[in-house]
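Got a protein–DNA model to talk through? Let's ask how each label earns its name.

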2 protein chains.
Amino acid sequence: MLRVMASQRDQPLSFDDWVEAGFALLAEGGFDALRIGRLCERLNVTKGSFYWHFADIQAYRAALVDSWTELRAADRRRLISMGDVDPRERLARMMGMLARPDHWSVERVMRAWALTDDRVGESVRRGDQRVFAAVLQAFTDYGFEPGDAALRSGLLFGAGLGLLHGSDPAVDASPEVRERLLEFLLRD
Amino acid sequence: MLRVMASQRDQPLSFDDWVEAGFALLAEGGFDALRIGRLCERLNVTKGSFYWHFADIQAYRAALVDSWTELRAADRRRLISMGDVDPRERLARMMGMLARPDHWSVERVMRAWALTDDRVGESVRRGDQRVFAAVLQAFTDYGFEPGDAALRSGLLFGAGLGLLHGSDPAVDASPEVRERLLEFLLRD
DNA sequence: ACCTGAACACCGTTCAAGT
DNA sequence: ACCTGAACACCGTTCAAGT
């Protein structure tokens with residue numbers, strides 16, 4: 001952050017410079033704006049520089065995914081550390097965190113990569129498992145027996161994933177809908 | 001089907017020959033096995049032939065998506081024509097149709113394309129809307145008031161999408177789970 | 001340690017020319 | 001109408017050489 005501009009480099013590029021530039025490209029042009037050539041253009045280096053820092057583009061994508069996971073780790077830790085909070089309130093907060101469309105575009109890109117890239121797939125899978133575990137825990141703490149808790153948490157988690165992948169971007173979960181949803185899922 | 005082998009062509013390639021070869025490639029190598037070069041190799045023609053039949057690769061993908069939609073049109077028509085069947089049975093059948101992993105890989109590819117290709121996105125969106133409408137109708141016919149029917153059908157549809165995109169391929173909806181799910185979603 | 005510069009393979013695309 | 005063959009631009013990748 002102390003560096004004024006990337007355009008006039010005085011120091012060599014860091015790992016983070018590359019990652020940062022990658023997210024910028026993704027945010028601007030989406031999915032297939034992430035090309036090695038454009039990255040180098042933006043960082044004022046040649047492609048050879050890219051290949052000194054990363055083995056190939058899959059390794060670079062893995063680095064982006066790791067960074068993304070890291071960025072969201074704070075969120076996840078908050079989820080897990082909410083063990084003392086009332087389960088219902090916990091679930092409401094989880095839903096609020098998930099329903100953030102600004103994160104969705106990156107999430108969708110990650111999951112699209114996961115289709116062809118095993119490293120990305122593994123990372124996404126781990127993240128999903130942690131979130132699901134937190135949701136399941138909340139339902140269990142609420143007092144449901146294991147089978148019932150699994151059904152309800154699976155439904156909620158699946159619906160969240162579905163919302164993320166929904167083809168209609170206009171569909172989003174308003175606070176009112178989320179409240180009614182929670183009400184429904186927590187009934188005896 | 002009368003043609004013995006594509007390897008020794010006597011007639012010019014048809015539109016369907018290209019589409020068929022495309023699905024074969026997708027089924028064999030998945031996502032990024034669909035390359036113009038490989039297609040031509042398989043069909044024993046040069047790339048120029050491809051460009052006589054299709055404007056570019058996006059048009060070709062659109063053709064694949066259309067064909068896929070067409071293939072599933074029979075399923076959808078069955079869904080819609082089930083208006084006379086008991087709503088609960090209707091929903092059970094819909095869930096059975098959705099829970100077919102053999103369709104998932106293609107579905108996922110379509111939805112990944114939809115991220116960057118507007119034509120594909122539009123097609124996927126239309127398909128989703130039709131299915132959702134059928135689900136909503138079933139809940140309405142079951143006797144739920146509009147708001148309640150919307151909530152429950154949204155939950156079911158979202159969970160279905162979530163299952164489709166779930167990062168863990170081991171998770172599938174067994175008949176027992178589907179039965180319990182339906183039970184839960186149809187409670188008063 | 002970090003990067004340049006030039007090369008190479010691969011892929012999508014174009015197009016004049018063939019039958 | 002349908003396809004060949006050759007060209008071109010673009011992109012990922014490699015690597016010897018520079019500082």
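Here is a short back-and-forth about the contacts in this predicted model.

A quick note on the ground rules: local features need pLDDT of at least 70 and side-chain atom pairs count only at pLDDT 80 or more, while totals for chains, interfaces and linings use all residues. Residues are numbered from 1 along each chain as its sequence is written, chains are lettered from A and ligands numbered from 1 in the order written, and side-chain values use heavy atoms, with hydrogens and water left out.

Q: What makes a residue part of the contact between chain A and chain B?
A: Contact means heavy atoms within 4.5 Å. By that rule, chain A puts in 31 residues and chain B 32 residues.

Q: How do you know what area is buried between chain A and chain B?
A: Take the accessible area (1.4 Å probe) that the two parts lose on being put together, summed over both. That comes to about 2700 Å², with carbon and sulfur atoms giving 68% of it. On chain A's side, A:L151, A:L155 and A:F184 supply 23% of the area that chain A buries against chain B, more than any other three residues.

Q: Why is the salt-bridge count between chain A and chain B what it is?
A: A salt bridge needs a side-chain nitrogen of Lys or Arg within 4 Å of a carboxyl oxygen of Asp or Glu. The count between chain A and chain B is zero.

Q: How many residue pairs are in polar contact across the interface of chain A and chain B?
A: The rule asks for a pair of N or O atoms within 3.5 Å; within protein, one must be able to donate a hydrogen and the other to accept it, and residues adjacent in sequence count only if both atoms are side-chain atoms. Five residue pairs pass, both partners at pLDDT 80 or more.

Q: What makes a residue "near" DNA strand D?
A: One of its heavy atoms has to lie within 4 Å of the strand. That gives 19 residues around DNA strand D, the closest being A:K47, A:Y51, B:T46, B:W52 and B:H53. Of the strand's atoms that come within 4 Å of the protein, sugar and phosphate account for 62%.

Q: Why is the link from A:Y51 to DNA strand D called a polar contact?
A: A polar side-chain atom of A:Y51 sits 2.8 Å from a phosphate oxygen of DNA strand D, so it falls within the 3.5 Å limit. Backbone N or O atoms also reach phosphate oxygens of that strand: A:I57 at 3.0 Å and B:L13 at 2.9 Å.
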